[in-house]
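Hi,

Here's the structure I promised to send over. Have a look at it first, and then read on for what I found in it.

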Amino acid sequence: MQEENVTQEPGVPEIPGVPEVPETSEAQSEEQEESTAPAHDRELSCQNCGAPLSYMEGENVITCPYCGTTTMLAGYDNIVKIDGHSMLPMHVNENDAISTLITWLSKGFFRSKSYVSTAKVASVKGLMLPYWIVKSSASTSWHGKKKRTKTTGTGDKKRTQTWWEPVSGRFSEDFTWPEYARENPEEFWGIGNIQPGKKSVFPDWGKFWLKFGGSKQSSNRNMLDGQIPFDIEAVKSAGMADDLVNGQITQERAEANARGNIKEHQAKKAESKADVLSDVDTTVNVNKVDLVYVPMWEMKYSMDGKEYSALVDGAKKEVLSAEYPVGKKAKITIFDTVLGIPAIIAGVVGFGANGPAGAKIAMFILVALMLAYSLKKGLGSRN
Ligand SMILES: [Zn+2]
């Protein structure tokens with residue numbers, strides 16, 4: 001015993017949780033060689049049923065595919081069973097997911113009903129994705145200035161005054177804020193877009209240059225609506241047990257990320273309330289943090305040879321995020337509106353008493369352009 005103590009190197013106390021560092025340079029180079037090899041599965045046994053759990057390096061929120069118990073590796077040798085572990089039920093099957101997308105693509109001003117018949121679904125992938133749902137309320141107070149103008153007098157004495165009025169206010173909002181429990185939000189398309197205020201609908205205008213509207217931001221939806229306790233049997237019977245994805249981000253980090261994102265979201269909202277904002281202060285109160293498995297369908301489809309992605313809710317028949325091509329009807333309408341307004345003005349001026357001939361000519365040119373564009377688009381390609 002004593003001898004062992006003597007041989008231990010001084011100044012290197014054993015720290016629990018820190019793996020031993022190889023001492024010789026030979027061992028180090030070996031280590032490096034090993035780390036360049038592809039990441040291999042690791043194993044752990046389930047705290048509840050004892051089944052072997054295999055996982056990849058970096059994953060630390062692991063759901064047992066046999067009994068559904070979720071364990072969190074909170075550092076070396078520190079395994080925590082997660083209690084607030086739930087899921088949203090899978091009410092949408094693969095065919096429902098496809099029809100939800102097709103219906104969505106045929107509705108609305110910017111999308112095209114006739115064009116949708118050319119849509120080809122290339123792939124549909126069912127996913128059970130882990131999110132930390134941070135149930136919280138945020139209260140924001142802000143101070144700023146608003147520009148005011150006032151016109152006094154008439155004729156030559158007409159004067160416009162401009163001044164800055166101090167304004168301030170307070171608003172609050174409740175959230176069930178979703179934080180994806182994995183490091184890379186790009187691994188499946190669109191999964192980061194479900195956070196409130198994030199752009200979730202992306203129009204493809206092609207070469208059309210009057211890009212007005214057509215995009216959308218995610219609303220502050222209740223992510224715990226329909227929440228049920230995690231049920232591995234339900235996941236198995238929906239054929240999604242193989243699509244269960246383990247988490248990589250711990251509860252603590254998810255909560256910190258959510259606080260930061262909520263503050264950013266509130267600050268953006270405050271910006272619209274004043275012309276110049278001098279300060280914004282948001283307090284976030286977290287009530288609860290739940291690990292929730294959310295069913296989703298990641299879809300790839302093509303229209304006219306161009307590829308697009310979409311994400312369909314697996315709990316409700318709803319498109320959560322999508323890319324889509326803007327239909328030709330929307331383009332014609334926008335084009336004609338943009339040219340139509342100056343055409344009307346030119347017409348009113350040109351055909352009024354003593355109207356200049358130039359205005360009449362301008363009106364005819366604009367109307368001719370509108371007709372030409374509408375005809376070309378109408379007779380030409382589907383989009
Ligand atoms: Zn188990």
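In the hairpin of β1 and β2, six residues sit between the strands, and Gly50 has a positive phi near 80°. The two strands, residues 42-45 for β1 and 52-55 for β2, are antiparallel and share four bridges. If you want a pair to click on, Leu44 faces Leu53 of β2. Keep in mind that this is a predicted model.

A second hairpin comes from β3 and β4, again antiparallel, with three bridges joining them. Thr63 has Thr70 in β4 as its bridge partner. Here too there are six residues between the strands, and Gly68 in the turn shows a positive phi of about 85°.

How far can you trust it? The average pLDDT for the chain is 83, and 85% of the residues score at least 70. The part to be wary of is residues 1-40, where pLDDT stays under 50. For that stretch the model has eight contacts beyond four places in sequence. Where pLDDT is low, the predicted coordinates shouldn't be read in detail.

Now the overall picture. The chain has seven helices and 14 strands. Of its 383 residues, 28% are buried. If you take the contacts between residues at least 6 apart in sequence, 66% of them join residues at least 24 apart.

The largest nonpolar core has 56 residues, and the ones touching the most other members are Val292, Ala310 and Val312. The elements giving two or more residues to this core include the helices α3 (94-105) and α5 (251-271), along with strands such as β7 (120-152), β8 (159-180) and β12 (276-303). β12 has the largest share, at 11 residues. Val312 is a good place to centre your view: leaving aside neighbours within four places in sequence, its contacts include Ala97, Thr100, Leu101, Met296, Trp297 and Leu320.

Three of those contacts bring us to α3. This helix has 12 residues and reaches 17 Å from its first C-alpha to its last, close to the 16 Å expected at 1.5 Å a residue. Its buried residues are Ala97, Thr100, Leu101 and Leu105. They sit on the same side of α3, because they cover an arc of only 130° around the axis. As a reminder, an α-helix has 3.6 residues a turn, so residues three or four places apart point the same way. Which elements do the buried residues of α3 pack against? They pack against β7, β12, β13 and β14. On the face turned away from the buried side you'll find the exposed residues Asn95 and Thr103.

The other helix worth a look is α5. Its 21 residues should span 30 Å at 1.5 Å a residue, and the end C-alpha atoms are 30 Å apart, so the two agree. The buried residues of α5 are a mixed bag: among them are Ala254, Ala258, Ile262 and Ala270, but also Gln251, Arg259, Asn261, His265 and Gln266. What covers them includes β4 (70-73), β7, β8 and β12. Arg253 lies in α5 too, but it counts as partly exposed because it has 13 C-beta neighbours inside 10 Å. The C-alpha atoms of Arg253 and Ala181 are separated by 9.4 Å, although these residues are 72 apart along the chain.

Back to β12 for a moment. Is Asn287, in this strand, buried or exposed? Asn287 is exposed, because it has 11 other C-beta atoms within 10 Å, and the cut-off for exposed is 12 or fewer. Beyond its neighbours within four places in sequence, Asn287 is in contact with Lys135 and Ser136. Asn287 also sits 7.8 Å from Ser137, C-alpha to C-alpha, with their positions 150 residues apart in sequence.

One last oddity: Asp304 isn't a glycine, yet it has a positive phi of about 55°. You'll find Asp304 in the loop between β12 and β13. It counts as partly exposed because 13 other C-beta atoms lie within 10 Å.

Shout if anything is unclear.

Cheers

Notes. Residues numbered from 1 in each chain as written. Predicted model: local features only at pLDDT ≥ 70, side-chain atom pairs only at ≥ 80, totals over all residues. Core = buried A, V, L, I, M, F, W, Y, C linked by C-beta atoms within 7 Å. Buried ≥ 20, exposed ≤ 12 C-beta atoms within 10 Å, placed from the backbone. Contact = placed C-beta atoms within 7 Å. Expected span 1.5 Å × (residues − 1). Pairing = 2+ DSSP bridges. Arc of directions from axis to C-beta. pLDDT = per-residue confidence, 0-100.
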